[in-house]
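Please open the model in your viewer and keep the sequence panel beside it. The tour goes from the whole chain to single residues, with something to select at each stop.

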Amino acid sequence: GAMIVLIPAVGGLAVGIIQSSLMRTGPINGVPEVIESLARNRGKLRGRIGASKTITATCTLGTGGSAGMEGPIITIGATLGSKIAQCLRIKPEHYPTLIGCGAASATAGIFNAPIAGVLFVLEVILRDFSVRTFMPIVVASVFGTAVSQEVMSLISSEHSSVAGALFQVPPEMLQDYRFALKEIPTYMALGLACGLVGLGLAGSLRLSGKLRHRVPTPEYWQPAIGGLLLGLMGLLFIILFPANETIEQELGYHQPVFMGNGYPVIESLLNPETYHAQNIGVW
């Protein structure tokens with residue numbers, strides 16, 4: 001129990017020290033940082049931003065922090081693209097293209113989804129669908145996926161899992177499914193519910209950011225406080241909902257569900273077997 005509380009707190013303290021004292025970058029917002037650099041600095045990103053994000057993301061995820069890999073990997077890829085453009089002294093008008101290539105290859109590599117990497121960068125980061133931008137990003141996204149698969153195949157004995165999507169659903173579970181028009185209201189309700197949950201999450205993040213500035217502690221202690229609170233929540237969750245090894249093996253993840261990047265939980269939610277009566281009855 002004590003380790004569940006202390007490990008996230010230590011990870012948060014390491015993040016705070018790295019951001020405030022070693023790298024001196026302060027909190028990095030990930031994708032918004034990249035977009036802001038394109039709008040204000042013509043795409044020039046400092047190399048220490050990518051380096052700091054690499055180390056701090058590793059500390060956060062490695063100690064159970066409730067964060068994903070998407071923001072850090074996109075920031076790292078975009079920073080590499082920007083630094084390559086600066087080192088090669090490419091004209092500033094081409095910086096966005098190289099930043100987009102780095103972000104797209106990173107996104108495609110981590111999700112094993114090259115098309116998603118292209119669309120994400122064009123829609124969210126660059127907001128530019130011109131052929132001049134589109135073609136290099138497509139090539140970078142495909143290369144990012146290929147390199148990721150090759151590297152993962154060298155360290156994984158199950159090559160089939162490497163070549164598939166990040167979130168996999170057993171195909172036999174959906175082979176008899178046929179979409180029906182009567183399901184449209186259900187999907188509309190699901191979309192509305194997800195949108196409301198998204199608004200709530202965004203609002204809670206803004207509120208926590210405001211509260212963080214009001215806490216009378218040094219800046220490097222604030223991530224440690226966040227990690228401590230996360231650990232206490234995890235300990236409380238385990239006390240209220242004791243672990244069941246049989247169910248955890250069926251679902252594919254361990255309690256508490258909100259510690260870590262959450263990918264096993266998402267994959268479990270996408271699997272129809274999760275919703276069998278026997279599982280629902282236990283939970």
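What follows is a walk through the chain, one helix, a few residues and a pocket.

**Before you start**

This is a predicted model, in which local features need pLDDT of at least 70 and side-chain atom pairs count only at pLDDT 80 or more, while totals for chains, interfaces and linings use all residues. Residues are numbered from 1 along each chain as its sequence is written, and side-chain values use heavy atoms, with hydrogens and water left out.

**The whole chain**

Select the protein chain and show it as a cartoon, where you will find 13 helices and zero strands. Helices (H or I, at least four residues) and strands (E, at least two) are DSSP runs, numbered from the N terminus. Of the 283 residues in the protein chain, 30% are buried, where buried means under 20% relative accessible area, exposed means over 50%, and partly exposed lies in between, with a 1.4 Å probe and protein chains only. Among contacts in the protein chain with a separation of 6 or more, 70% join residues 24 or more positions apart; contact here means heavy atoms within 4.5 Å.

**Helix α7 and Ala140**

Next, select residues 131–155, which form helix α7, a run of 25 residues that reaches 37 Å from its first C-alpha to its last, close to the 36 Å expected at 1.5 Å a residue. That expected span is 1.5 Å times one less than the number of residues in the helix. Which residues of α7 are buried? They are Thr133, Ile137, Ala140, Ser141, Gly144 and Thr145, and the buried residues of α7 pack against α5 (95–111) and α6 (114–126).

Within α7, stop at Ala140, which counts as buried because its relative accessibility is 14%. Not counting residues up to four places away in sequence, Ala140 touches Cys101 and Ser105. If you draw a distance from the C-alpha of Ala140 to that of Gly102, 38 residues apart along the chain, it should read 7.3 Å.

**Two cysteines**

Now select Cys101, which is buried because its relative accessible area is 12%, and then Cys87, which is exposed because its relative accessibility is 61%. A search of the whole structure finds zero disulfides, a disulfide being a pair of cysteine sulfur atoms within 2.5 Å.

**Thr79 and Gly226**

Move to helix α4 and select Thr79, which counts as buried because its relative accessibility is 4%. Leaving aside neighbours within four places in sequence, Thr79 is in contact with Leu45, Arg46, Gly47, Ile49 and Gly50.

Then go to helix α10 and select Gly226, which is partly exposed because its relative accessible area is 37%. Add Gly12 to the selection: Gly226 and Gly12 are 214 residues apart in sequence and 6.9 Å apart in space, C-alpha to C-alpha.

**The largest pocket**

For the last stop, select Thr60, Ser66, Ala67, Leu205 and Ser208, which are the closest to the centre of the largest pocket among the 47 residues that line it. On a 1 Å grid over the protein atoms alone, a pocket is an open set of points where a 1.4 Å probe fits, with protein on both sides within 12 Å along at least five of seven lines, and lining residues have an atom within 4 Å of a point.

Which element gives the most to the lining of the largest pocket? It is α9, with nine residues.
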